[in-house]
Amino acid sequence: MIIYHTEDYRVLRAKVYPPLADLADALYWQAKGDASKMAAYLARCDAVKQRYPKS
């Protein structure tokens with residue numbers, strides 16, 4: 001069985017992207033010298049982009 005997404009990729013991505021509060025927290029900790037939260041945030045964003053690629 002094949003499932004087709006009929007919604008635009010931007011709509012699908014917007015539903016599952018991590019919250020902006022997580023980005024703000026990652027930016028704070030990156031400024032304090034801890035880049036691990038930023039790396040994790042970006043990895044989550046990349047996973048969303050891979051799951052819902054541009055057509």
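Analyst: A salt bridge is a side-chain nitrogen of Lys or Arg within 4 Å of a carboxyl oxygen of Asp or Glu. The model discussed here is a predicted one.

User: Why is the meeting of the side chains of R44 and D22 called a salt bridge?

Analyst: The N to O distance between the side chains of R44 and D22 is 2.9 Å. The cut-off is 4 Å, so the pair qualifies.

User: What makes the pair R44 and D22 a tie between parts that are apart in sequence?

Analyst: R44 belongs to helix α3, while D22 belongs to helix α2 (residues 20-31), so the salt bridge ties together parts 22 residues apart in sequence.

User: Why do R44 and D22 each get the class they have?

Analyst: Partly exposed covers the range between under 20% and over 50% relative accessible area. R44 has 40% and is therefore partly exposed. D22 has 30% and is therefore partly exposed as well.

User: How many salt bridges does a search of the whole structure find?

Analyst: The search finds 4. Among them are the one between R44 and D22, the one between E7 and K15, and the one between R10 and D8.

User: What makes E7 and K15 a salt bridge?

Analyst: Their side chains come to 3.1 Å, N to O. That value is set against the limit of 4 Å, so E7 and K15 count. E7 is partly exposed at 36% relative accessibility. K15 has a relative accessible area of 57%, and over 50% is called exposed, so K15 is exposed.

User: How do you know that R10 forms a salt bridge with D8?

Analyst: The closest N and O atoms of R10 and D8 are 2.6 Å apart, and the limit is 4 Å, so the pair is a salt bridge. The side chains of D8 and R10 are also joined by a polar contact of 2.6 Å. For a polar contact the limit is 3.5 Å, so 2.6 Å meets that one too.

User: Buried, partly exposed or exposed: which is R10, and which is D8?

Analyst: R10 has 55% relative accessibility, and the line for exposed is over 50%, so R10 is exposed. D8 has 31% and counts as partly exposed.

User: Where is D8 placed, and how far is D8 from S55 in space?

Analyst: D8 sits in the segment before α1. The C-alpha atoms of D8 and S55 are 8.7 Å apart, although 47 residues separate the two in sequence.

User: How do you know that the buried residues of α1 are on one side?

Analyst: The buried residues of α1 (residues 9-16) are Y9, L12 and R13. They cover an arc of only 95 degrees around the axis, so they lie on the same side of α1. The face turned away from that buried side carries the exposed residues R10, A14 and K15. Helix α3 (36-51) is included in what covers the buried residues of α1.

User: What makes the length of α3 agree with that of a helix of its residue count?

Analyst: At 1.5 Å a residue, the 16 residues of α3 should span 22 Å; the end C-alpha atoms are 23 Å apart, which agrees.

User: Which residues of α3 are buried, and why are they said to share a side?

Analyst: M38, Y41, C45 and V48 are the buried residues of α3. Their arc around the axis is only 85 degrees, which means they are on the same side of α3. These buried residues pack against α1 and α2. On the face turned away from the buried side, α3 carries the exposed residues Q50 and R51.

User: Why does R51 count as exposed?

Analyst: R51 has a relative accessible area of 58%, and exposed begins over 50%, so R51 is exposed. R51 and A26 are 23 Å apart in space, C-alpha to C-alpha, and 25 residues apart in sequence.

User: What class does D46 have, and how far are the C-alpha atoms of D46 and Y17 separated?

Analyst: D46, in helix α3, is partly exposed at 44% relative accessibility. The C-alpha atoms of D46 and Y17 are separated by 9.5 Å, with their positions 29 residues apart along the chain.

User: Why is the pair of Y28 and W29 called edge-to-face?

Analyst: The count comes to 1 aromatic pair. Y28 and W29 form it, at 5.1 Å centre to centre and 85 degrees between the planes. The centres must lie within 6.5 Å and the planes over 60 degrees apart, so the pair is edge-to-face. Y28 is partly exposed at 44%, and W29 is partly exposed at 34%.

How values were computed
Residues are numbered from 1 along each chain as its sequence is written. This is a predicted model: local features need pLDDT of at least 70, side-chain atom pairs count only at pLDDT 80 or more; totals for chains, interfaces and linings use all residues. Side-chain values use heavy atoms; hydrogens and water are left out. Buried means under 20% relative accessible area, exposed over 50%, partly exposed in between (1.4 Å probe, protein chains only). Helices (H or I, at least four residues) and strands (E, at least two) are DSSP runs, numbered from the N terminus. The arc is that of the directions from the helix axis to the C-beta atoms. Contact means heavy atoms within 4.5 Å. A polar contact is a pair of N or O atoms within 3.5 Å; within protein, one must be able to donate a hydrogen and the other to accept it, and residues adjacent in sequence count only if both atoms are side-chain atoms. Rings of Phe, Tyr and Trp (its six-membered ring) pair if their centres lie within 6.5 Å; planes under 30 degrees apart count as stacked, over 60 as edge-to-face and the rest as tilted. The expected span of a helix is 1.5 Å times one less than its number of residues.
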